[in-house]
Amino acid sequence: MPKYFFHVHHGHTELDEEGEELPDKHAAWREATVTAGQILQGLDGGLRPQEDRSMEVVDEFQNPLYTLRISAEKPK
C-alpha cells in the first residue's frame with residue numbers, strides 16, 4: 001500500500017516523517033481534509049488575521065499531490 005505524508009506549514013514547517021499508508025491518493029485527500037479540519041478546530045479561535053497555514057500532501061517519492069490552505073485576512 002502506498003505511503004502518503006502530510007507536511008504542515010505555519011510560520012515554520014512540520015515535516016511528517018512517519019507518513020500513513022493509504023489505498024490511493026483519493027484516500028490521502030480525504031485524510032488531509034479531515035486532518036485540516038481538526039487542526040482548524042484545535043486552534044480554538046487562535047487563528048489571527050494575516051496568518052496563513054497550509055498542508056502539503058506528498059506521495060512516498062515526495063511528489064506533491066495536494067495543498068490545502070487556511071488564510072485569515074482582515075478587510076481593509
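**Notebook: charges, fold, core and one arginine**

I began with the charges: the protein has 8 positive and 15 negative ones, and the mean positions of the two groups lie 10 Å apart. I note that the model is predicted.

**Overall layout**

I looked up the secondary structure next. The protein has one helix and five strands, and from the N terminus the order reads β-β-β-α-β-β. For the extent, I took the C-alpha trace, which spans about 45 × 20 × 20 Å along its principal axes.

I then checked the surface. The accessible surface comes to about 5500 Å², and carbon and sulfur atoms hold 49% of it. Of the 76 residues in the protein, 26% are buried.

I also looked at contacts along the sequence. Among contacts with a separation of 6 or more, 41% join residues 24 or more positions apart.

**The E4–E5 hairpin**

I turned to strand E4, residues 52–59, and strand E5, residues 64–71. E4 and E5 pair in the antiparallel sense, over seven bridges. The two strands form a hairpin with four residues between them. In the turn I found Gln62 with a positive phi of about 65°. Across the pair, Met55 stands opposite Leu68 of E5.

**The core**

Which residues make up the largest nonpolar core? I listed 11 in all: Tyr4, Phe6, Val8, Leu22, Ala28, Ala32, Ala36, Met55, Val57, Tyr66 and Leu68. Strand E1 (3–9), helix H1 (25–42), E4 and E5 are the elements that give two or more residues to this core. Met55 and Leu68, which stand opposite each other, are both on the core list.

I followed one core member, Val57, through its contacts. Neighbours within four places in sequence aside, Val57 touches Phe5, Phe6, Ala28, Ala32, Asn63, Pro64, Leu65, Tyr66 and Leu68. Of these contacts, Phe6, Ala28, Ala32, Tyr66 and Leu68 also appear in the core.

**Arg53**

I finished with Arg53, which sits in strand E4. Is Arg53 buried or exposed? Its relative accessible area is 18%, and the cut-off for buried is under 20%, so Arg53 counts as buried.

What is Arg53 in contact with, apart from its neighbours within four places in sequence? I wrote down His9, His10, Leu43, Leu47, Leu68, Arg69 and Ile70. Leu68, Arg69 and Ile70 from this list fall in E5, the strand that pairs with E4. Leu68 thus came up again: Arg53 contacts Leu68, and so does Val57.

Note on methods:
Residues numbered from 1 in each chain as written. Predicted model: local features only at pLDDT ≥ 70, side-chain atom pairs only at ≥ 80, totals over all residues. Heavy atoms only, no water. Buried < 20%, exposed > 50% of the residue type's maximum accessible area, 1.4 Å probe, protein only. Contact = heavy atoms within 4.5 Å. Pairing = 2+ DSSP bridges. Core = buried A, V, L, I, M, F, W, Y, C linked by side-chain atoms within 4.5 Å. Areas by Shrake-Rupley, 256 points an atom, 1.4 Å probe, with all protein chains shown as cover. Lys, Arg positive; Asp, Glu negative; His and termini not counted. Charge placed at Lys NZ, Arg CZ, Asp CG, Glu CD.
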